[in-house]
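Trainee: I've got a model open and a pile of labels I'd like to pick apart. Can you take me through what stands behind each of them?

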Amino acid sequence: MDARKRVKGPQVRLGVIGVGGMGAGHCSTMHKVPEVRLTAVCDISESTAKTIGKKYSVPCFTSHQELIRSKLCDAVLIATPHPVRPDIAIDAMNARLHVLSEKPLSERVLTADKMVKTAGRKGVALAVMFQRRMEPPFAKAIELVKSGAIGTVWRTTMISPEYRTQAYYDSGNWRATWSGEGGGVMMNQSPHVLDLFVQLGGMPSEVTGRCETRLHKIEVEDVAEAMLRYPGGGTGYFYCSTNELGPGQMIEIFGTHGKLCYRDKQLKYYRFSESVPEFTFNTKAVWSSPECKEEMLDIPATEWGHYSIIQNFCRHLLHGDRLVSPGEEGLQSLELANAVWLSAHLGKPVKLPLNRRAYEKFLAGKRAESTFVKAAAPDQRVTDPSHIAPPQ
Ligand SMILES: NC(=O)c1ccc[n+]([C@@H]2O[C@H](COP(=O)([O-])OP(=O)(O)OC[C@H]3O[C@@H](n4cnc5c(N)ncnc54)[C@H](O)[C@@H]3O)[C@@H](O)[C@H]2O)c1
């Protein structure tokens with residue numbers, strides 16, 4: 001077998017672990033991917049596992065170890081709550097199964113590090129479900145940044161309104177608790193935008209964070225914001241919240257050679273006629289600036305969604321395609337989110353790379369001190385309607 005091909009055969013045999021809202025959505029999406037075959041499902045809720053197993057006529061399990069031992073799968077997609085993901089992923093990788101993890105890899109970067117290291121040690125693939133990387137404007141923005149079109153980043157801004165109801169938070173016992181989720185908006189609703197933000201702006205070197213629970217009856221943050229400093233001297237700001245709705249999702253990246261402006265699905269790119277530092281000192285004109293011209297972008301209207309990441313993962317295993325969202329890149333936005341909370345807690349800026357031990361201590365403290373009692377409501381596993389693929 002070609003060394004780049006990790007799985008033999010026309011299709012990857014995929015098991016889904018955690019078939020609640022999102023996991024069930026993934027099972028329904030797979031019919032769009034010719035390179036995959038759903039071969040088993042697992043959920044600790046027996047009735048959930050049975051319902052989904054029956055719906056897709058595949059064996060169901062209530063323990064991930066049983067699914068792994070069944071040898072029915074080449075790879076697993078893990079869509080459990082994030083804090084239980086690392087142990088499941090590591091068990092799967094130790095059994096030489098490839099892993100596609102839902103986002104975020106984990107609730108804390110230390111255990112996500114372990115996932116990435118295990119994948120390397122065992123020679124298996126690890127990818128993260130960051131499907132928005134394939135959304136046409138973002139795929140184009142990432143391409144532009146990688147080509148050097150922006151130059152050195154001097155300023156970044158991100159705004160991420162991610163409105164959720166109280167009923168959403170009450171729908172799962174694990175949601176929005178320190179023990180069950182390990183964080184709020186930065187951990188569950190904004191990871192996609194945070195991921196795109198770091199793909200485009202790079203990782204900061206220093207973070208000053210502020211977190212608040214302003215509206216919802218939850219114990220973790222429904223608002224988070226941070227001031228950032230970058231290794232090249234640039235600065236940035238981001239804000240995310242599950243209280244804010246309406247338009248305004250935006251990312252802006254200003255660099256020495258150009259500017260990217262994404263707002264509400266529209267991407268604009270401005271190229272400078274000369275780099276800002278060169279122009280500033282070369283010109284003799286008193287009132288002048290480099291020409292800042294909007295460049296029309298050719299953004300092909302490709303389809304994207306969860307299925308596109310599943311397909312890329314399978315094509316990586318079958319044909320050696322480059323992974324769109326490899327596990328090691330999934331560490332970045334998680335590390336940033338952890339840093340924001342640690343800084344908010346300490347009341348001072350924190351440096352990156354994040355001191356993992358300090359974050360572990362902070363999170364363990366939050367979990368130990370928690371006195372929050374969740375509203376008594378039945379657990380519901382409801383797939384976000386926007387994540388359900390129409391039938392073929
Ligand atoms: N990529 C995306 O667009 C996207 C969208 C929604 C959710 N998610 C992610 O998917 C994950 C799940 O979210 P959800 O909304 O589906 O939650 P959910 O509560 O609806 O489903 C989680 C399921 O995991 C099961 N589970 C818990 N522990 C388990 C274990 N040890 N083994 C097997 N099954 C276990 C639960 O019983 C439940 O059925 C979260 O990490 C979330 O961030 C990603």
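Mentor: Sure, and keep in mind that this is a predicted model. Start with strand β1 and strand β4 (residues 75-78), which pair in the parallel sense over 4 bridges.

Trainee: What makes β1 and β4 count as paired?

Mentor: Two strands pair if DSSP finds at least two bridges between them. β1 and β4 have 4 bridges, so the pairing stands by that cut-off. As an example, Val-16 has Leu-77 as its bridge partner in β4.

Trainee: Which residue stands opposite Val-16 in β2?

Mentor: That's Val-41. β1 and strand β2 (residues 36-42) are also parallel, over 6 bridges. On the β4 side you can carry on into β5: 4 bridges join β4 to β5, and Leu-77 has Leu-100 as its partner there.

Trainee: What order do the strands of the open sheet take?

Mentor: β3-β2-β1-β4-β5-β6, with parallel pairing, 6 strands in total.

Trainee: Why are β3 (60-61) and β6 (126-128) said to stand at the edges?

Mentor: Each has a single partner strand, so one side of each is left without a neighbour in the sheet.

Trainee: What makes the unit of β1, helix α1 (residues 21-29) and β2 right-handed?

Mentor: Point the strands away from you and follow the path from the first strand over the helix to the second: clockwise means right-handed. The β-α-β unit of β1, α1 and β2 is right-handed, so that is the turn to look for on screen.

Trainee: How do you know that strand β1 (residues 12-17) is mostly covered?

Mentor: A residue is buried if 20 or more other C-beta atoms lie within 10 Å of its own. In β1, 5 of the 6 residues are buried, so "mostly covered" is a fair label by that count.

Trainee: And why is Glu-278 called partly exposed?

Mentor: Glu-278 has 13 other C-beta atoms within 10 Å. Exposed needs 12 or fewer and buried needs 20 or more, so a count of 13 falls in between. You'll find Glu-278 in helix α10 (residues 276-282).

Trainee: Back to burial, then. Why are the buried residues of helix α4 placed on the same side of the helix?

Mentor: In α4 (residues 85-94) the buried ones are Arg-85, Pro-86, Ile-88, Ala-89, Ala-92 and Met-93. They cover an arc of only 165 degrees around the axis, which puts them on the same side of α4. These buried residues pack against β1, α3 (64-69), β4, β5 (98-101) and α5 (109-122).

Trainee: Which residues touch the most other members in the largest nonpolar core?

Mentor: Val-76, Val-99 and Val-340, in a core of 98 residues. Helix α12 (residues 327-346) gives the largest share, 9 residues. The core draws at least three residues from each of domain 1 (12-131 + 305-326) and domain 2 (133-302 + 333-369).

Trainee: What makes Val-99 a contact of Val-76?

Mentor: Contact means C-beta atoms within 7 Å. Val-76 is in contact with Val-99, and with Leu-14, Gly-15, Ile-17, Ala-92 and Leu-97, leaving aside neighbours within four places in sequence. So each of those pairs meets the 7 Å cut-off.

Trainee: Last one: how far apart are the centres of domain 1 and domain 2?

Mentor: 27 Å, taken over C-alpha atoms. The contact takes 18 residues from domain 1 and 19 residues from domain 2.

Definitions and conventions. Residues numbered from 1 in each chain as written. Predicted model: local features only at pLDDT ≥ 70, side-chain atom pairs only at ≥ 80, totals over all residues. Helix = DSSP H or I, 4+ residues; strand = E, 2+ residues; numbered from the N terminus. Core = buried A, V, L, I, M, F, W, Y, C linked by C-beta atoms within 7 Å. Domains from an automatic or database assignment. Contact = placed C-beta atoms within 7 Å. Arc of directions from axis to C-beta.
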